[in-house]
Amino acid sequence: MSVTVAGDSSGTSFNHPPCVGPPLAGLSASLSGMDIGNDRRRAATSSSPGRSALVSSRPPAPVLIAALLVAAGALVPLGLLVLVLTELETRNLVPVLLLTLVGVGVCASIGYGLWRGWRGSRIVAVVLGVLALLSGLSSLGSSNFGFLPIAYGALVALLVLVPASARAWFRHS
């Protein structure tokens, strides 16, 4: 390998190896492992334990349904905001607006994280699903709608925990 000497406008020189191939080829090859795509997701059911097949870049159906359910959960804080704005006379709306923004942001980010295969989003979705289930159980006797949070929480938690395709989606090598 030959070394070329280059000089800058100040008259100083520095040594560097010549460029071989496309200038960004090495950089793109080193960055390809940073993608959350197929390189890091392995299928749970492969032909042998030592070999694992790549999972597609689309989330499996149970994870997609769970992500849509969690993202649709953003309608709850928006509904509470509408209820506060129409029914209650409040002078200070800043706390209500902040809580609504936080609720919508949390639901949207968890839904996006499930869709991308992020394990942290899976954990938060399971915790929130269990909390919704417990909330529904506590209000079952006093409300006609206690079964909705029970069904919602159980469905979200089970969709990301039970199917093998969902477990494989969140497994990273």
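I started with the crossing of α5 and α6, and it is left-handed (the near helix is turned anticlockwise from the far one by less than a right angle; clockwise would make it right-handed). The model is predicted, so local features need pLDDT of at least 70 and side-chain atom pairs count only at pLDDT 80 or more, while totals for chains, interfaces and linings use all residues. Residues are numbered from 1 along each chain as its sequence is written, and side-chain values use heavy atoms, with hydrogens and water left out.

**Entry: α5 and α6**

I looked up where these two helices sit: α5 covers residues 119-138 and α6 covers residues 147-161. Helices here are DSSP runs (H or I, at least four residues), strands are E runs of at least two, and both are numbered from the N terminus. The axes of α5 and α6 are 7 Å apart and the packing angle is about 155 degrees. For the record, axes are lines fitted to C-alpha atoms, for helices over the stretch in contact, and angles run from 0 to 180 degrees between N-to-C directions. That is why α5 and α6 come out as roughly antiparallel (over 145 degrees; under 35 is roughly parallel, 65 to 115 roughly perpendicular, the rest oblique).

Next I checked who touches whom, with contact meaning heavy atoms within 4.5 Å. On the α5 side I noted Arg122, Ala125, Val126, Gly129, Ala132, Leu133, Gly136 and Leu137. Among their partners in α6 are Pro149, Tyr152, Gly153 and Val160. Sorted by class, this contact has 13 nonpolar, three polar and one charged residues. Nonpolar covers Ala, Val, Leu, Ile, Met, Phe, Trp, Tyr, Cys and Pro; charged covers Asp, Glu, Lys and Arg; the others, Gly among them, are polar.

**Entry: α2 and α4**

I then turned to α2 (residues 61-72) and α4 (residues 94-116), whose axes come within 8 Å and cross at roughly 170 degrees. So α2 and α4 are roughly antiparallel to each other. From α2, the contact uses Val63, Leu64, Ala66, Ala67, Val70 and Ala71, and from α4 it uses Cys107, Ile110, Gly111, Leu114 and Trp115. I got 10 nonpolar, one polar and no charged residues for the contact of α2 with α4.

**Entry: aromatic rings**

How many aromatic pairs does a search of the whole structure find? It finds two. Rings of Phe, Tyr and Trp (its six-membered ring) pair if their centres lie within 6.5 Å; planes under 30 degrees apart are stacked, over 60 edge-to-face, and the rest tilted. One pair is Tyr112 with Trp115, which is tilted, at 5.6 Å centre to centre and 45 degrees between the planes. Tyr112 and Trp115 both lie in α4, three residues apart, about one turn of the helix. Tyr112 also pairs with Trp118, edge-to-face, at 5.4 Å centre to centre and 80 degrees between the planes. Tyr112, Trp115 and Trp118 form one aromatic cluster.

Are these residues buried or exposed? I found Tyr112 partly exposed at 40% relative accessibility, Trp115 partly exposed at 39% and Trp118 partly exposed at 35%. Buried means under 20% relative accessible area, exposed over 50%, and partly exposed in between (1.4 Å probe, protein chains only).

**Entry: Ser121**

I looked up Ser121 and found it in α5. Ser121 is buried, with a relative accessible area of 9%. Leaving aside neighbours within four places in sequence, Ser121 is in contact with Ser109, Ile110, Gly113 and Leu114.

**Entry: the whole protein**

I noted seven helices and two strands, in the pattern β-β-α-α-α-α-α-α-α along the sequence. Of the 173 residues, 25% count as buried.
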